[in-house]
Amino acid sequence: MKKLIDSYDREVNYIRVSVTERCNFRCQYCMPEKPFSWVPKENLLSFEDMFEFMKVCIDEGINKIRITGGEPLLREDLDKFIKMIYDYEPTIDLAMTTNAYLLKGAAQKLKDAGLKRINVSIDTLIPEVAEKIAQKDVLKNVLDGVDEALRVGLKVKVNMVPMKGMNDNEILDVLEYCKARGMTVRFIEYMENVHASVDIKGMKSDELLALISERYSYKDEGLENQSPSHYYSTEDGYRFGIIEPYKDDFCSTCNRIRITAEGDLIPCLYFDEAMSIREAIRKGDIKTAAAVLKEVVRTKPEKNRWSEEDGESSSRAFYETGG
Ligand code: SAM
Ligand code: SF4
């Protein structure tokens with residue numbers, strides 16, 4: 001079995017696949033306004049072409065694939081793409097990150113196609129706050145989508161981005177909502193970026209933990225193997241996570257690369273560097289596509305740039321890279 005190993009001896013076995021940069025939400029921290037221009041349709045990789053590259057990745061040692069976006073459920077025939085991957089390698093850990101707005105009507109089809117797990121973004125349980133964050137009345141669809149995903153047997157995790165003065169009074173409510181349904185919640189520290197609304201104030205892990213400790217005592221479980229999340233467990237055994245990209249050890253076990261919907265392969269979310277596999281895949285040149293994959297893994301940086309005081313992080317948007 002082949003393995004992809006980077007220059008810092010980390011095994012890269014996980015790819016995040018953005019299938020579209022488009023989105024039906026306008027989250028304040030991600031895409032508050034419709035971008036000036038979208039990727040031209042002719043630049044998008046077809047699912048057939050993306051699947052050809054997924055085969056290359058799997059053959060070289062990738063064993064976890066996460067579909068993301070933009071909003072992946074906006075892309076037609078997503079279930080067919082998932083089924084292609086599943087049929088090629090049923091043991092692949094196949095997951096998706098979604099805002100869940102369209103999930104109710106799609107969950108069963110996705111599960112039947114081979115999807116195993118989803119992460120859903122839920123920043124609030126108050127309809128008006130959801131409307132403020134996403135700039136659209138979204139909450140009912142999102143919560144119905146989550147119920148349906150659980151009903152069809154998908155494993156569900158929840159991502160929440162806590163923001164001061166916006167949803168910081170709901171940390172415990174979202175935790176309780178997830179706990180009651182057997183879903184892990186992960187609080188993601190807001191990552192500053194040039195595309196977000198300027199007045200957002202994120203929250204750091206110590207502030208979050210202080211709020212949680214008002215209701216729960218918890219045990220620190222540390223970083224989970226290759227997950228970006230630091231986990232904690234409450235006395236009654238519920239596990240929740242905090243994703244802290246600013247922390248020093250955040251990158252030490254990084255096992256992932258990303259591909260955009262137009263075929264740019266990205267070694268690190270926080271760097272502008274990328275190499276395209278689009279032309280090679282379109283020509284059926286599998287050898288070149290595999291060589292680009294290996295080169296991107298080889299050049300994966302040791303650390304992201306968030307903690308460097310004078311560092312410039314990537315100008316690429318989260319909705320392009322899939323977060
Ligand atoms: N549209 C899908 C969704 O919202 O789940 C998938 C794509 S979205 C870019 C992936 C994840 O990135 C979401 O959980 C979202 O909360 C997170 N995200 C986006 N912008 C962020 C930011 N500035 N800071 C922290 N997390 C962010
Ligand atoms: Fe869309 Fe997800 Fe970005 Fe929100 S976080 S704008 S749902 S891509």
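The following questions and answers examine a predicted model, beginning with its ligands and moving on to its core and to single residues.

Me: How many residues surround ligand 1, and how do they divide into nonpolar, polar and charged?
Reply: The residues closest to ligand 1 are Tyr 29, Gly 70, Ser 121, Met 191 and Asn 193. They belong to a shell of 20 residues. By class, this shell divides into seven nonpolar, eleven polar and two charged residues.

Me: What percentage of the accessible area of ligand 1 does the protein cover?
Reply: A nitrogen atom of ligand 1 is 3.0 Å from a polar backbone atom of Gly 70. Side chains take part as well: an N or O atom of Glu 71 is 3.2 Å from a nitrogen atom of the ligand, and an N or O atom in the side chain of Asn 193 is also 3.2 Å from a ligand nitrogen. On its own, ligand 1 has 550 Å² of accessible area, and the share covered by the protein is 95%.

Me: Which residues lie around ligand 2, and how many of them are charged?
Reply: The residues around ligand 2 are Cys 23, Phe 25, Cys 27, Tyr 29, Cys 30, Met 31, Gly 70 and Asn 99. In this shell, six residues are nonpolar and two are polar. The number of charged residues is therefore none, because Asp, Glu, Lys and Arg are the residues that count as charged.

Me: Which helix gives the most residues to the largest nonpolar core?
Reply: The largest nonpolar core has 105 residues, and those touching the most other members are Ile 15, Phe 53, Met 54, Ile 65 and Phe 81. Beyond its neighbours within four places in sequence, Met 54 is in contact with Ile 15, Val 17, Ile 65, Phe 81, Ile 85 and Ile 259. With eight residues, the element that gives the most to this core is helix H1, residues 47-60.

Me: Is Met 203 buried or exposed?
Reply: Met 203 is found in the loop between strand E6 and helix H7. Leaving aside neighbours within four places in sequence, its contacts include Pro 162, Met 163, Leu 208 and Leu 211. Met 203 has a relative accessible area of 5%. Buried means under 20%, so Met 203 is buried.

Me: How far apart in space are Met 203 and Met 163, C-alpha to C-alpha?
Reply: Met 203 and Met 163 are 40 residues apart in sequence. Met 163 is nonetheless one of the residues in contact with Met 203. From C-alpha to C-alpha, the separation is 6.0 Å.

Me: What is the phi of Asp 77, and what is the phi of Gln 135?
Reply: Most residues other than glycine have a negative phi. Asp 77, in the loop between strand E2 and helix H2, has a positive phi although it is not a glycine, and so does Gln 135, in the loop between helix H4 and helix H5. The value is about 65° for Asp 77 and about 60° for Gln 135.

Me: How do the relative accessible areas of Asp 77 and Gln 135 class these residues?
Reply: Asp 77 has a relative accessible area of 36%, and Gln 135 has 43%. Buried means under 20% and exposed means over 50%. Both values lie in between, so Asp 77 and Gln 135 are partly exposed.

Me: What distance separates the C-alpha atoms of Leu 223 and Pro 267?
Reply: Leu 223 is found in strand E7 and is partly exposed. Apart from neighbours within four places in sequence, Leu 223 is in contact with Pro 228, Ser 229, His 230 and Asp 249. Pro 267 is 44 residues from Leu 223 along the chain, and their C-alpha atoms are separated by 21 Å.

Definitions and conventions: Residues numbered from 1 in each chain as written. Chains lettered and ligands numbered in written order. Predicted model: local features only at pLDDT ≥ 70, side-chain atom pairs only at ≥ 80, totals over all residues. Heavy atoms only, no water. Near = heavy atom within 4 Å. Polar contact = N/O pair within 3.5 Å; in protein donor to acceptor, adjacent residues only side chain to side chain. Areas by Shrake-Rupley, 256 points an atom, 1.4 Å probe, with all protein chains shown as cover. Core = buried A, V, L, I, M, F, W, Y, C linked by side-chain atoms within 4.5 Å. Buried < 20%, exposed > 50% of the residue type's maximum accessible area, 1.4 Å probe, protein only. Helix = DSSP H or I, 4+ residues; strand = E, 2+ residues; numbered from the N terminus. Contact = heavy atoms within 4.5 Å.
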